[in-house]
Amino acid sequence: MSLILLRSDKNYEQWLNAFADFDPDFPVFIPETAENKGDIIMALSWKAPTGSYTQYPNLKVIGSMGAGVDHLFEDPELPENIQLTRVVDEYLATDMREFVLAQCMSTIKNLNTFSRKQPHWDRLPYRRVADVTVGIMGLGVLGQAVGKLLHQVGFKVTGWSHSYKDLEFVKSYSGEKELNKFLSSAEILVCLLPLTEETKGILNKALFFELPHGAYLINVARGGHLHESDLLDALHSGKLGGASLDVFEQEPLPKDHPFWREPNIFITPHVASVSSPASIIPQVVENYNRLQAGEPLLNTVSRKRGY
Ligand code: NDP
Ligand code: OXD
């Protein structure tokens with residue numbers, strides 16, 4: 001029995017090294033070294049080439065190498081009867097909350113704008129954390145981690161999710177019916193939703209219309225959430241004051257993409273929070289052992305919900 005790593009970019013070395021450091025005897029392969037495909041019972045994958053999973057007749061579990069699982073559902077040949085898991089990791093959460101805090105501070109203190117305007121000596125009005133409401137779309141593992149830190153720092157924090165959350169650090173809104181109420185106070189809107197059929201394109205003109213005038217968007221979820229031309233229109237009309245974008249429909253963002261030329265869009269290359277193999281491998285191995293023992297797995301994904 002063994003585990004296979006699957007990635008389109010074939011960036012396997014750091015994963016193989018981390019498995020070897022964790023347990024030199026752990027049976028891990030990559031497509032080029034997996035001679036007996038029938039032995040593979042689990043895959044650990046990040047954007048695997050389409051059709052990869054069907055190559056392994058005894059595959060029982062596919063684990064995402066990250067928190068997001070949208071890449072798994074993109075494969076039209078994803079086998080029906082296979083259990084899906086994802087990463088829930090302390091470092092992924094702390095890195096994300098620090099990144100979003102940095103973006104929030106940067107926008108209310110105009111730091112990105114000052115560096116873009118160098119060498120001009122122009123003062124700009126700034127805001128204090130206590131006067132700013134940050135609305136977080138998606139109050140899951142990462143959304144809650146972000147919300148808690150922003151609350152500790154002094155921001156007013158609201159959040160929106162499928163189900164109501166009883167949390168002391170965030171005012172919770174839930175479901176379609178409460179979306180507009182949630183949006184009406186979000187001066188900074190953070191997207192931390194999973195990309196699903198329901199959330200695709202959710203950051204669009206109609207949603208921007210409901211935000212306070214001049215609101216700021218932080219998208220650290222997926223490029224597929226954002227309607228790109230609606231964002232450009234909202235920035236040009238002043239409806240939105242700016243946006244920090246870490247994720248894009250096409251990554252790397254093509255050199256000729258209009259976002260690069262937009263003065264109030266601040267781009268980072270999908271680095272808000274990056275999975276560390278050393279940190280993630282223990283939970284993968286735990287799931288591999290549970291699979292063999294017939295025990296319930298950790299961090300499972302609902303196919304029905306898509307996350
Ligand atoms: P979780 O699954 O823990 O949380 C998802 C949240 O979104 C839940 O609160 C869920 O509601 C809510 N949600 C899902 N669908 C809807 C909907 N249709 N309407 C309202 N709320 C909805 O995910 P994580 O917090 O772990 O991760 C979120 C995303 O962050 C990932 O899917 C990934 O795309 C992205 N990510 C980006 C990274 C980066 O570097 N830029 C790094 C890591 C992740 P409920 O709680 O009610 O189920
Ligand atoms: C993830 C990511 O989903 O890095 O973990 O985007």
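**View 1. In β11, Y216 has G242 as its bridge partner.** The model shown here and in the other views is predicted. The Y216–G242 pair belongs to the contact between β10 and strand β11, residues 240-245. Five bridges join these two strands. They run parallel. To get from β10 to β11, the chain passes through helix α8, residues 228-237. This β-α-β crossover is right-handed.

**View 2. Strand β9 joins β10 through four bridges.** β9 covers residues 188-191 and runs parallel to β10. L189 can be used to find the pairing: its bridge partner in β10 is L217. Helix α7, residues 205-210, completes a β-α-β unit with β9 and β10. That unit is right-handed.

**View 3. Strand β10 is mostly covered.** The strand spans residues 215-219, and five of its five residues are buried. Which residues lie on each face of β10? A215, L217 and N219 are on one side. Y216 and I218 are on the other. Both faces are covered. Two of these residues also mark the strand pairings: L217 is the partner of L189, and Y216 is the partner of G242 in β11.

**View 4. Five strands form an open sheet.** The order is β2-β1-β3-β4-β5, and the pairing is parallel. Which strands lie at the edges? They are β2 (28-29) and β5 (83-85), and each pairs on one side only. Strands of a sheet pair through backbone hydrogen bonds, either parallel or antiparallel.

**View 5. Strand β1 pairs with the edge strand β2.** β1 is made up of residues 2-7. Two bridges link β1 and β2, in the parallel sense. I4 stands opposite F29 in β2.

**View 6. Seen from the ligand, the surroundings of ligand 2 include W46 and H270.** The other residues around ligand 2 are G66, A67, G68, R222 and S273. By class, the shell divides into two nonpolar, four polar and one charged.

**View 7. Oxygen atoms of ligand 2 lie 2.8 Å from polar atoms of A67, G68 and R222.** At A67, the atom involved is a backbone N or O. At G68, a polar backbone atom takes part. R222 contributes an N or O atom of its side chain. How much of ligand 2 does the protein bury? Taken alone, ligand 2 exposes 210 Å², and the protein buries 86% of that.

Note on methods:
Residues numbered from 1 in each chain as written. Chains lettered and ligands numbered in written order. Predicted model: local features only at pLDDT ≥ 70, side-chain atom pairs only at ≥ 80, totals over all residues. Heavy atoms only, no water. Near = heavy atom within 4 Å. Polar contact = N/O pair within 3.5 Å; in protein donor to acceptor, adjacent residues only side chain to side chain. Areas by Shrake-Rupley, 256 points an atom, 1.4 Å probe, with all protein chains shown as cover. Nonpolar A, V, L, I, M, F, W, Y, C, P; charged D, E, K, R; others polar. Buried < 20%, exposed > 50% of the residue type's maximum accessible area, 1.4 Å probe, protein only. Pairing = 2+ DSSP bridges. Right-handed = clockwise from strand over helix to strand, strands pointing away.
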